[in-house]
Amino acid sequence: MKRIILFLVTNMAVMLVLSITMNILGVGRYLTANGIDPAALLVFSAVLGFTGSFISLLMSKWMAKSSTGARVIDPQRPRDQREAWLVATVHQLADRAGIGHPEVAIYEGAPNAFATGAFRNDALVAVSTGLLSSMTEEEVAAVLGHEVSHVANGDMVTLTLIQGVVNTFVIFLSRIVGYFIDRAVLKNERDVGIGYYASVFVCEILFGVLASIIVAWFSRQREFRADAGSARLMGAREPMIRALARLGGVEAGELPKSFAASGIAGGALGALFASHPPIERRIEALRRQTA
């Protein structure tokens, strides 16, 4: 689940920087100078929210490589037969899915894999050395099909749009609550004071945590779609079922916490916040599917 956590943390960092910058420039004071204008605040919130989300998306490949230490394989000069097979398999799956050839990378770690990138025709697919050593070629191919399906489905772009929407309402509601606390609770009748800014900061964190439940729900749904996509690309569901079963029997590779929602194996962050469904449910869904 590495990719999504990294995306969310990057998004939050960008949002905080943008929010601080807007306040330094006086935009926040302008919005509250004569009382809050809900329409103007909503526009401000949408611009800030979607900007943070899209900047995070554009940074996703770089952040993924940096956080995992992934080494991109030169398709013209693979180091060995395993790397040549990996590149050829990803390219073949991409052709079947109708997308451009992603970059293919390997990183050191326990069994896991991820895909990321802002564009369907310029993505990154990476697998860990642990996954390569613990699975058969057919099972690895199924995992690669799962990741290619994420790219073909446009999951990162859809996630970005969803994150932009929840960002918008987090910013909007935080400022509404902050203004209410500043005026009604703290009885500040002049320009907004420290109570407003402190309340906005706390509310952005609290509402951001609640908003992550929505993002996590979408992430869980896309895992089922990517599993089904792998079965379609492979022409059979059994390889993906075996790959999931094998992952369920080993300790899934811990991806950096800032990048946790893009891996093939999910984490145990609680049902509401989990970016991946339980492996048992994913296997059951595949078994019900007509390959």
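This passage describes helices, salt bridges and surface features of a predicted model.

The membrane annotation offers a convenient place to start. In an unreviewed entry, UniProt places the feature "transmembrane region" at residues 5–27, 39–59, 159–181 and 193–218. Two of these spans can be set against the coordinates. Residues 39–59 are 95% helix and 0% strand, and the C-alpha atoms at the two ends of that span are 30 Å apart. For residues 159–181 the figures are 100% helix and 0% strand, with 32 Å between the end C-alpha atoms.

Some pairings across the chain help to place these segments relative to one another. Proline 38 belongs to helix H3, a helix that covers residues 38–58 and also holds valine 47. The C-alpha atom of proline 38 is separated by 8.4 Å from that of phenylalanine 172, although their positions lie 134 residues apart along the chain. Valine 47, in turn, pairs with asparagine 167: the C-alpha to C-alpha distance is 9.7 Å for a sequence separation of 120 residues. Both H3 residues keep some contact with the surroundings; proline 38 counts as partly exposed because its relative accessibility is 46%, and valine 47 is likewise partly exposed, with a relative accessible area of 46%. Further along, valine 215 sits in helix H9, which runs over residues 194–234. Its C-alpha atom is 7.2 Å from that of leucine 159, a residue 56 positions away in sequence. Valine 215 has a relative accessibility of 1% and therefore counts as buried.

Helix H7 deserves a closer look, as it carries an annotated residue. UniProt, again in an unreviewed entry, places the feature "active site" at Glu147, and glutamate 147 lies in H7, residues 137–152. Is this glutamate buried or exposed? Its relative accessible area is 0%, so glutamate 147 is buried. Its side chain nevertheless has a polar partner, reaching the backbone nitrogen of alanine 115 at 3.2 Å. The cover over this position fits the helix as a whole, since H7 is mostly covered, with 14 of its 16 residues buried. The geometry of H7 is regular in length: at 1.5 Å a residue, its 16 residues should span 22 Å, and because the end C-alpha atoms are 22 Å apart, the expected and modelled values agree. Past the end of H7 comes glycine 154, which has a positive phi, near 65°.

Charged side chains provide another set of links. Side chains of opposite charge can pair when their charged atoms come close. With a nitrogen-to-oxygen cut-off of 4 Å, the model has 14 salt bridges. One of them joins arginine 242 and glutamate 138, with 2.3 Å from N to O. This pair connects distant parts of the chain, as arginine 242 is in helix H10 and glutamate 138 is in helix H7, 104 residues apart. Both partners are partly exposed, given relative accessible areas of 36% for arginine 242 and 39% for glutamate 138.

A second bridge is formed by aspartate 227 and arginine 282, at an N to O distance of 2.8 Å. Aspartate 227 lies in helix H9 and arginine 282 in helix H11, so this bridge ties together parts of the chain 55 residues apart in sequence. Here both aspartate 227 and arginine 282 are buried. A further bridge links arginine 237 to glutamate 238, whose closest N and O atoms are 3.9 Å apart. That distance counts because the cut-off is 4 Å. Arginine 237 is partly exposed at 22% relative accessible area, as is glutamate 238 at 39%. Salt bridges with shared partners also join Lys61, Lys65, Glu103 and Asp122 into one network.

The surface has a nonpolar feature as well. Phe201, Val202, Ile205, Leu206, Val209, Leu272 and Phe273 together make a nonpolar patch of about 620 Å². Among these residues, leucine 272 comes from the loop between helix H10 (238–249) and helix H11 (279–288).

Definitions and conventions: Residues are numbered from 1 along each chain as its sequence is written. This is a predicted model: local features need pLDDT of at least 70, side-chain atom pairs count only at pLDDT 80 or more; totals for chains, interfaces and linings use all residues. Side-chain values use heavy atoms; hydrogens and water are left out. Patches are made of residues with over 30% relative accessible area and no salt bridge: like charges are joined within 9 Å, nonpolar side chains (Val, Leu, Ile, Met, Phe, Trp, Tyr) within 5 Å. Accessible areas come from the Shrake-Rupley method with a 1.4 Å probe; for residues, only the protein chains shown count as cover. A salt bridge is a side-chain nitrogen of Lys or Arg within 4 Å of a carboxyl oxygen of Asp or Glu. Helices (H or I, at least four residues) and strands (E, at least two) are DSSP runs, numbered from the N terminus. UniProt positions are given in the numbering used here, feature names are shortened, and annotations may be inferred rather than shown by experiment. Buried means under 20% relative accessible area, exposed over 50%, partly exposed in between (1.4 Å probe, protein chains only). A polar contact is a pair of N or O atoms within 3.5 Å; within protein, one must be able to donate a hydrogen and the other to accept it, and residues adjacent in sequence count only if both atoms are side-chain atoms. The expected span of a helix is 1.5 Å times one less than its number of residues.
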